[in-house]
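Biologist: Could you take me through this model before I look at it in detail? I will ask as we go.

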Amino acid sequence: MPDKFITLNNVSKSYTRGGETLKVLDQLQLSIARGDFVALFGPSGSGKTTLLVERIVNLVLEAGVPLSAVAAITFTEAAASELASRIRARFEQVQAEAIAAGDPARADRCRQAVADSDLAAITTL
């Protein structure tokens, strides 16, 4: 059996928009093996970018993959810009959490990722 790198069990996510609750993930089950290539498709607001940001942050912080080795391809320049911005913001958030938790090694890995944020190949087709 391949080495599972990411496993999601019973993941649910909802957003409230205009007084309406939109359920975008309902009891999601997902396993991704180390080395797998993954494509995400779905409507706007379905959680694609959130999932991709977490995958990239996990690759860098947990697997030691340099951000310069990450590639993410989107369909529009706006989507690529949004993804790059959210990745950087997530590293900054995790860095602040690591500092607050007294984890200087994790904070330093986040600081390096922020410094390297322009090295990731985040682009369009």
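Biologist: What is the lining of the largest pocket made of, by class?

Modeller: In this predicted model, the lining has 30 nonpolar, nine polar and eight charged residues, where Ala, Val, Leu, Ile, Met, Phe, Trp, Tyr, Cys and Pro count as nonpolar, Asp, Glu, Lys and Arg as charged, and the others, Gly among them, as polar. A pocket here is an open set of points on a 1 Å grid over the protein atoms alone, where a 1.4 Å probe fits, with protein on both sides within 12 Å along at least five of seven lines, and lining residues have an atom within 4 Å of a point.

Biologist: And which element gives the most to that lining?

Modeller: That is α1, with nine residues; helices (H or I, at least four residues) and strands (E, at least two) are DSSP runs, numbered from the N terminus.

Biologist: Which residues are closest to the centre of the largest pocket?

Modeller: They are V38, A39, L40, K48 and L52, out of 47 that line the pocket.

Biologist: Changing topic, how many salt bridges are there in the whole structure?

Modeller: A search finds six, a salt bridge being a side-chain nitrogen of Lys or Arg within 4 Å of a carboxyl oxygen of Asp or Glu. One of them joins E54 to R90, with the closest N and O atoms 2.7 Å apart.

Biologist: What does the E54 and R90 pair tie together?

Modeller: E54 lies in helix α1 and R90 in helix α2, so the pair ties together parts that are 36 residues apart in sequence. Another bridge, between D108 and R111 at 3.6 Å from N to O, stays within helix α3, its two residues being three apart, about one turn of the helix.

Biologist: Is Q95 buried or exposed?

Modeller: Q95 counts as buried because its relative accessibility is 15%, and buried means under 20% relative accessible area, exposed over 50%, partly exposed in between (1.4 Å probe, protein chains only). Q95 is found in helix α2, residues 77-100, and touches A107, C110, R111 and V114, leaving aside residues up to four places away in sequence; contact means heavy atoms within 4.5 Å.

Biologist: Which element has the lowest mean pLDDT?

Modeller: That is β1, at 80, whereas helix α3 has the highest, at 96; pLDDT is the predictor's confidence in each residue, from 0 to 100.

Biologist: Any conventions to note?

Modeller: Residues are numbered from 1 along each chain as its sequence is written, and side-chain values use heavy atoms, with hydrogens and water left out. Local features need pLDDT of at least 70 and side-chain atom pairs count only at pLDDT 80 or more, while totals for chains, interfaces and linings use all residues.
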